[in-house]
Amino acid sequence: MSAKKTRVATVWLSGCSGCHMSFLDQDERLIELAKKIQIVHSPIADVKEFPENVDVTLIEGAVANEEQLEMLKKVRTRTRVLVSLGDCAVSGNVAALRNSWNNSDMAVLERAYKAPEDLQAAIPNMVPKLLIKARPLHEIVKVDFYIPGCPPSADLINYVLTELLSGRTPSMEGRAKYG
């Protein structure tokens, strides 16, 4: 009988999906990972509801709207080890560029992301309400590990995952950089 697989999830918030592409760029190493992990949630797997009792969750992207804020809080309560994946999750990066706008500039965002009045009644809540600022994960919940990079390399993602799966703490010194 095989050993119990580690339950792994990935989440995509306000990011470009580049971190998920780097995850997939592990190529044949994914076959080795598949022997040890079970993907229980991911945009790659199209699982709708985030499950309970997740061992490791990798989250890409900053938190930029109310739906993402609620998702992040749910993920944290259901995950043993939470990993910020990529510069947007670690620092806000591109999604946080809008943070320098003043409140009068918010009208531009409202116009761009809000349905015209004639559609609002027909399609309520078409786009989740934007937060005033896009924020990195650690400003909202406890983050256990950080994988910087835009996107981080497949090698770095694989290193962190294999270290965690082996029960070791990944050492990021000299392995990662921003950008």
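Leaving aside its neighbours within four places in sequence, which residues is serine 17 in contact with? The answer is Trp12 and Glu60. The model here is a predicted one. Serine 17 sits in a loop, with strand 1 on one side in sequence and helix 1 (18-24) on the other. Is serine 17 buried or exposed? Its relative accessibility is 16%. Buried means under 20%, so serine 17 counts as buried.

Now step back to the whole chain. The protein has seven helices and seven strands. Along the sequence they follow the pattern β-α-α-β-β-β-α-β-α-α-α-β-β-α. The protein has 179 residues, and 45% of them count as buried. Its exposed area is about 10,300 Å². Carbon and sulfur atoms supply 53% of that area. Take the contacts in the protein with a separation of 6 or more: 78% of them join residues 24 or more positions apart.

Next comes the sheet. Five strands form an open sheet in the order 2-1-3-5-7, and the pairing is parallel. Strand 2 (37-41) and strand 7 (145-147) stand at the edges. Each has a single partner strand, so one side of each is left without a neighbour in the sheet. From one strand to the next, the twist averages 25°.

Look at one pairing in detail. Strand 1 (residues 6-12) runs parallel to strand 2, and four bridges join the two. One residue to pick out is arginine 7, whose bridge partner in strand 2 is glutamine 38.

A helix crosses this sheet. Helix 3 (residues 66-78) lies across strand 1, strand 2, strand 3 (54-60) and strand 5 (79-85). Its direction makes an angle of about 135° with strand 5.

Finally, look inside. How many cavities of 30 Å³ or more does the structure hold? It holds one. The space in the largest cavity comes to about 90 Å³. Its lining consists of 14 residues, and the closest to the centre are Cys16, Cys19, Glu60, Cys88 and Cys150. Helix 1 and helix 4 (87-91) each supply at least two residues of that lining.

This leads back to the opening residue. Glu60 is among the residues closest to the centre of the largest cavity, and Glu60 is also in contact with serine 17.

Key:
Residues numbered from 1 in each chain as written. Predicted model: local features only at pLDDT ≥ 70, side-chain atom pairs only at ≥ 80, totals over all residues. Heavy atoms only, no water. Pairing = 2+ DSSP bridges. Axes fitted to C-alpha atoms, helices over the stretch in contact; angles between N-to-C directions. Contact = heavy atoms within 4.5 Å. Buried < 20%, exposed > 50% of the residue type's maximum accessible area, 1.4 Å probe, protein only. Areas by Shrake-Rupley, 256 points an atom, 1.4 Å probe, with all protein chains shown as cover. 1 Å grid on protein atoms, 1.4 Å probe; cavity = no way out; pocket = protein on both sides within 12 Å on 5 of 7 lines; lining within 4 Å. Points joined across faces, edges and corners; volume = space filled by probe spheres on them.
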